[in-house]
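Explain how the interior of this predicted model is put together. The account goes from a single helix to a helix pair and then to the nonpolar cores.

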Amino acid sequence: MKLLLFDIDGTLIRAGRQVGPIFLGALEETFGRPVQFGNYSFAGRTDSQIIFELMARSGVSHQEIEATLPEMRDCYLERLERDLDPRQMTICPGVVPLLQRLSQRDDVALGLLTGNFRRGAYIKLERLGLDEYFPIGAFGDDGIDRSELPPIALQRARSTYRHPFDSANTVIIGDTPNDIRCARDHGMAVYAVATGTYPLAQLETGGATWTYADLEPLEQALGLRDQVGSSIRSSSSGNSGSSENSGDSNLPSVPT
């Protein structure tokens, strides 16, 4: 049995340019000062890490950031719940039919590994009807650096699915070099997909186990299609979309 841990932004969905202003507006409201972000890249970072790094660049002490973090998180999540517009969001190519197929297998368990705060992750997924596929995950509430998250995801998956998952049977699926680094730090396989802000060529040099333009080849890459006859509980079908990369910039889309 394999545990598949999916990133969200740039891997499953694209929220467009709307999330960045929501996030930065919450920072400025909470800390009461302009945010200096310059050429800062949000890609692959956790929400907690983004707050610490951006506010440190804006002259706020580590102690003040740490003390204000819960207030900032609540402010951001309230704004996200209120203002996130699904009409500006898209699902990445092939995601819906893929999740439909994977959710019917008894040799696969699905989860999230994302830099989004937990509530923020599910707000985004709910807007596009994808939240039901992911009963567990590790989130930006659980650690500052992304590499802190895999052990937490494993623990939650073991408890929920009643299966002894470990690094050998877990695959991280994401669209940034930070996803690749996170997986390699824990000896996990990683499927890197070029549907986010990083081109295929850059992901190929990062040490991913598999690198593809989109999620369409995932089942074949993981050797799952050979097991369809014995592993599918009920049939489902669907056509994948195109493999065009997103045109969204790092800011202000906040791809975590």
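Helix H4, residues 95-103, has as its buried residues Val95, Pro97, Leu98, Leu99, Arg101 and Leu102. An arginine is thus listed there beside nonpolar residues. The cover over the buried residues of H4 includes three strands, E1 (2-6), E3 (90-91) and E4 (108-113), and also helix H9 (218-221).

The next element pair is H1 and H2. Helix H1 spans residues 19-31 and helix H2 residues 47-57; their axes come within 12 Å and cross at roughly 55°. An angle of 65 to 115 degrees would count as roughly perpendicular and one under 35 as roughly parallel, so H1 and H2 are oblique to each other. Their crossing is right-handed. On the H1 side the contact is made by Phe23, Leu24, Leu27 and Phe31, and on the H2 side by Asp47, Ile50, Ile51, Leu54 and Met55. By class, the residues of this contact are eight nonpolar and one charged, with no polar residue. Spacing along a helix matters for such a list: an α-helix has 3.6 residues a turn, so residues three or four places apart point the same way.

Leu27 and Ile51 appear again among the residues with the most contacts inside the largest nonpolar core, together with Leu4, Phe6, Leu12, Tyr76 and Phe134. That core has 58 residues. Apart from it lies another core, of 23 residues, among them Leu5, Leu149, Ala157 and Ala192.

Which residues does Leu12 touch, leaving aside its neighbours within four places in sequence? Leu12 is in contact with Phe6, Asp7, Ile91, Cys92, Val95, Leu99, Leu112, Leu125 and Phe134. Two of these, Val95 and Leu99, are also buried residues of H4.

Conventions: Residues numbered from 1 in each chain as written. Predicted model: local features only at pLDDT ≥ 70, side-chain atom pairs only at ≥ 80, totals over all residues. Heavy atoms only, no water. Core = buried A, V, L, I, M, F, W, Y, C linked by side-chain atoms within 4.5 Å. Buried < 20%, exposed > 50% of the residue type's maximum accessible area, 1.4 Å probe, protein only. Contact = heavy atoms within 4.5 Å. Helix = DSSP H or I, 4+ residues; strand = E, 2+ residues; numbered from the N terminus. Axes fitted to C-alpha atoms, helices over the stretch in contact; angles between N-to-C directions. Parallel < 35°, antiparallel > 145°, perpendicular 65-115°, else oblique. Left-handed = near helix turned anticlockwise from the far one by under 90°. Nonpolar A, V, L, I, M, F, W, Y, C, P; charged D, E, K, R; others polar.
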